[in-house]
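Good morning, and thank you for the time on the agenda. I would like to take you through one structure, and I ask that you keep the display in view while I speak.

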Amino acid sequence: MEDYSGIVALSFSDSTVFIEYVSLNPSYRSQSNVFKIFDDIQQKFPNLVILGNFNLSKQIQQWRQNKQKLEKDMKEKENS
């Protein structure tokens, strides 16, 4: 039997992937792990917009802001 660190429930439309919920084992509950899950979903479904339920919307917003900051920082490093 395999050990699982969590479960993610997704639903789809033509243009979106909707994260219904994320449930992680207590030892894996961190913002960085949730962000990794969002990254993995985006990588697997690059042409879809990620949306989430009311409880996840703030985390998804923080993830997008963090991603934009990382991309901006990388561009600045490339241009220096």
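In this talk, contact means heavy atoms within 4.5 Å. Please also bear in mind that this is a predicted model.

With that meaning in hand, I begin with Asn53, which is placed in the loop between strand 3 (49–52) and helix 2. Which residues does Asn53 contact, once its neighbours within four places in sequence are left aside? They are Phe18, Ile19, Glu20 and Tyr21. The side chain of Asn53 also has polar atoms beside the backbone that follows. A polar atom of that side chain lies 2.9 Å from the backbone nitrogen of Asn55. For the backbone nitrogen of Leu56, the distance to a polar atom of the Asn53 side chain is 2.8 Å.

Let me turn to the strands. Strand 1, residues 6–12, pairs with strand 2, residues 16–24, in the antiparallel sense, and seven bridges connect them. The link from strand 1 to strand 2 is a hairpin of three residues. Within this pairing, Ala9 has Tyr21 of strand 2 as its bridge partner.

Two residues of strand 1 deserve a closer look. Gly6 lies in this strand, and its relative accessibility of 36% is why Gly6 counts as partly exposed. Leaving aside neighbours within four places in sequence, Gly6 contacts Ser23, Leu24 and Asn25. The C-alpha atoms of Gly6 and Ile19 are 14 Å apart, with the two positions 13 residues apart in chain numbering.

Phe12 is also found in strand 1. Is Phe12 buried, exposed or partly exposed? Phe12 counts as partly exposed, because its relative accessibility is 47%. Not counting residues up to four places away in sequence, Phe12 touches Val17, Phe45 and Leu48. Between Phe12 and Asp40, 28 residues apart along the chain, the C-alpha separation is 16 Å.

Val17 leads us to the interior. On the same basis of excluding residues up to four places away, Val17 touches Leu10, Ser11, Phe12, Ile41, Leu48, Val49, Ile50 and Leu51. The largest nonpolar core has 13 residues, and those touching the most other members are Val17, Ile19, Phe38, Ile41, Ile50, Ile60 and Trp63. At least two residues of this core come from each of strand 2, helix 1 (31–44) and helix 2. Helix 1 gives the most, with five residues. As general background, nonpolar side chains in soluble globular proteins tend to be buried together.

What of the aromatic rings? The structure holds three aromatic pairs. One aromatic cluster is formed by Phe35, Phe38 and Trp63. Phe38 and Trp63 were also named a moment ago among the core residues that touch the most other members.

I close with charge. How many salt bridges does the structure hold? There is one. In it, the side chains of Asp73 and Lys69 meet at 3.0 Å, N to O. Both residues belong to helix 2, residues 54–79, where they stand four residues apart, about one turn of the helix. Asp73 has a relative accessibility of 27%, and therefore counts as partly exposed.

Thank you; I should be glad to take questions.

Key: Residues numbered from 1 in each chain as written. Predicted model: local features only at pLDDT ≥ 70, side-chain atom pairs only at ≥ 80, totals over all residues. Heavy atoms only, no water. Pairing = 2+ DSSP bridges. Salt bridge = Lys/Arg side-chain N within 4 Å of Asp/Glu carboxyl O. Buried < 20%, exposed > 50% of the residue type's maximum accessible area, 1.4 Å probe, protein only. Core = buried A, V, L, I, M, F, W, Y, C linked by side-chain atoms within 4.5 Å. Phe/Tyr/Trp six-rings, centres within 6.5 Å; stacked < 30°, edge-to-face > 60°. Polar contact = N/O pair within 3.5 Å; in protein donor to acceptor, adjacent residues only side chain to side chain.
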